[in-house]
Every structure is written in structure tokens, then in C-alpha cells.
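This report considers the pockets of one protein chain and some of the elements around them. Please look over the sequence and the structure before reading on.

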Amino acid sequence: MIIPFFIPNGGCPHRCIFCNPERTAGPQPERISAAHFEERVQAHLRSARRRPENAEVAFYGGNFTGLARAEQIRLLEYAGRFIRKSLIHSVRISTRPDHIDGEGLSILKAYGVRTVEIGAQSMVDGILQAAGRGHSTADVERAVGRIQREGLRAGVHLMAGLPGERRGDFEYSVERVIGLRPDMVRIHPTLVLAGTPLAERYRDGNYEPLGLPEALGRCKYALRRFAEAGIPVIRVGLQSTPEIEKPGSILAGPYHPAFRSIVESSLFLDMAVSVLSAHFVCGRQVVLTSAPGDESRLRGQRNENVVSLKRRFGLAELAIAADPGQAKGTLRVAVCG
Ligand code: SF4
């Protein structure tokens, strides 16, 4: 269980061109008070059916390590009260790669932080510059190394479709992030959010976001490569919130509330095509078996994969089965009849 707190643009030296945390997270209190913190954590803990073993408090939406140190400690101390009572396990923060130093990391660790997620967004310096990030890819490399040397888990955020990015640039970024061996990754297709400099560029005709198929294609590449490298991808696509769903929040871009599930279904379709191509299946009955958690991805949205495979291979019948013995992310085929 993650109990999120948002510090919209807290500690940020400036605003990156695509960023508008008010649109993504919704209205937040100006200052997180002890009472607000306590109330929110208790509400989350109460909502769990069983006491969660690894409940984490997260500070998102800003540059946590850019906050004044006293402010960081004030917030971490709120979480510390729950950690000492064993009600929550640890804290995670998101922050910028150019605000990571050894002393700061030791303080975070002493106050219960176990995961530091950094916004890399791209591993191409020219693209970072065009996005107004104000840091370099070398900062990302240094930050991941420092976080992991401190014994903390490092997360890396990547974006697809930043201004000037070609598909090859994104794939290059994925490969460089794999080389850093982070503990987890998040991937976000770039959206044009209201109230951002990117929205002005879009209106002026100086930026065109990715279409949904291209964004899906890039994220599919990333998911496949990170899976092959054994690096968990903990999010793909922006979380659907009432705020983001409000008309006028997203002006343009490849938003879909079930973005990840579409990407994963498409990966399963590719896998099924490759498996079926190796057998003579035309006019026959086929059973595809996946792990139980993968069944709906294998079927695709509204059974689209099943319909498409039946048509493509001229199958008499295609059944989907689940087997707890089947490894996640894999499938096997049985041809009968
Ligand atoms: S550093 Fe992160 S939170 Fe701050 S402006 Fe840039 S994207 Fe937004």
C-alpha cells in the first residue's frame, strides 16, 4: 500500500515545460500539516481489509530533496511517528537527479526513506535541454549510483514523446537506463497539460504530441526490454484521477485510462502470433494458456486478441486457459482437432 502526499512543485528550481501537478494530482493543501498527515494515513490504514505489511508513505509531485532540509525533516518526522509504531514500513520520495548528494541521502535514510525515484525523463541531453529540465544525463547516472551505494532503492522515470524526440532516441534512453540497473522504472507518454509552456508550444504549432499508436509502440518496446532485463516497470501512463479526467485538463496527447493494459495486451498478441506461427493451426482447435494474472491481457480489450488471432490464422476454435504453473508473461499452445 502506498499512501501518497503531493507537494506540487515543492523544491523545484523552475517548472519543466510539461509539468502541471495541479492538473495531475488535483488541489492539495498549501502546507501538509501534522493533523492532515495523521488523518490521511489513518484513513488509508482503516480502508485496508487487513493490516498492510509494507505500507509506504510517498511524497510525490515535486523535488523533495530541493526542499529546505528542515522542511524535509518535518515531513519525514510525521512519517517517522507511524514507522516507530510499525504502522507503516517506510517512505519513498520522488526528486530531481541534480539534487542528490551523500549527506542528504544519509538523512533520508535515517528518517525511514527506502526508495528514491528520480525524474530522468530522457537519456539524451539535447532532449532534456529542450524540455527545460536543467539537468544532464550525467546527473542521472551519478544520482542512481549514489542512491544505490547508500543502500536505497533507485527508481527512474522516463517520458516518451518529449519535444524533438524520435523513436530511436527513446529506445536509446531505455537502453541507457537498463545499463544503470535501477530497481524500478516508471514510463509516461508526454501529454499536453493545460497551463504549461508545452501547451503554448502546442497552440503555436511548435509541438505535436505522439499519437496513441506511436506512444503504445514506444512503451511496448520499453516494457519488453525492461522485462528482459529483469527491471520492474511499476507504472506505464498517467494515473487516471478525477482531476485529469476533467475536460480541459489534457489538451492533447496519447492519454488512455487503461494505457498499460493496452500495451500489455499488444505484447501478448505479438507473443501469440509468434507461437502460433510455429505450428500448423489453420482450421484446428487451439488452446493458449497463460498465468492466471495474464489471462485478460492475453484476451485483449473486449476479446480483441482472440478475434484477431482466430481470423489471422483461420482457427476453428481458440480457447484461453489459465494455469498457475505457467510463468507470468509467458504462454503455451496446445493444438487439437
Ligand atoms: S522537477 Fe518534476 S515536479 Fe518539478 S517542475 Fe520538473 S517535472 Fe515538475
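Does T289 count as buried or exposed?

## T289 and its surroundings

In this predicted model, T289 has a relative accessibility of 7%, and because buried means under 20%, T289 counts as buried. The residue belongs to strand β10, which covers residues 285-290. Leaving aside residues up to four places away in sequence, T289 touches A321, A322, D323, Q326, T330, L331 and R332.

## The largest pocket

The largest pocket has a volume of about 1100 Å³. Its lining is made up of 43 residues, of which T24, G61, H157, H188 and L238 are the closest to the centre of the pocket. By residue class, this lining divides into 18 nonpolar, 17 polar and eight charged residues.

Both strands and helices contribute to the lining of the largest pocket: β1 (2-6), α1 (21-25), β3 (90-95), β4 (113-121), β5 (153-160), β6 (184-189), β8 (233-236) and α10 (242-245) each supply at least two residues. The element that gives the most is β4, with four residues.

## The second largest pocket

The second largest pocket has a volume of about 380 Å³. Of the 17 residues that line this pocket, L223, A227, R260, E264 and G329 are the closest to its centre. The lining of the second largest pocket comprises nine nonpolar residues, one polar residue and seven charged residues.

Two helices, α9 (212-228) and α11 (259-277), each supply at least two residues of the lining of the second largest pocket. Domain 1 (2-257) and domain 2 (267-336) both give residues to this lining, and the second largest pocket therefore lies between them.

## Helix α9

Helix α9, which contributes to the lining of the second largest pocket, can be checked against its expected length. At 1.5 Å a residue, its 17 residues should span 24 Å, and the end C-alpha atoms of α9 are 24 Å apart, which agrees with that expectation. After α9 comes G230, whose phi is positive, near 75°.

The buried residues of α9 are A215, L216, G217, R218, C219, K220, Y221, A222, L223, R225 and F226. One of these, L223, is also among the residues closest to the centre of the second largest pocket. What covers the buried residues of α9 includes β5, α7 (167-180), β6, β8 and α11. Among these covering elements, β5, β6 and β8 each also supply at least two residues of the lining of the largest pocket, whereas α11 does so for the second largest pocket.

Definitions and conventions
Residues are numbered from 1 along each chain as its sequence is written. This is a predicted model: local features need pLDDT of at least 70, side-chain atom pairs count only at pLDDT 80 or more; totals for chains, interfaces and linings use all residues. Side-chain values use heavy atoms; hydrogens and water are left out. On a 1 Å grid over the protein atoms alone, a cavity is a set of points where a 1.4 Å probe fits but cannot get out, and a pocket is an open set with protein on both sides within 12 Å along at least five of seven lines; lining residues have an atom within 4 Å of a point. Grid points are joined across faces, edges and corners, and a volume is the space filled by probe spheres set on the points. Ala, Val, Leu, Ile, Met, Phe, Trp, Tyr, Cys and Pro count as nonpolar, Asp, Glu, Lys and Arg as charged, and the others, Gly among them, as polar. Domain bounds come from an automatic or database domain assignment. The expected span of a helix is 1.5 Å times one less than its number of residues. Buried means under 20% relative accessible area, exposed over 50%, partly exposed in between (1.4 Å probe, protein chains only). Contact means heavy atoms within 4.5 Å.
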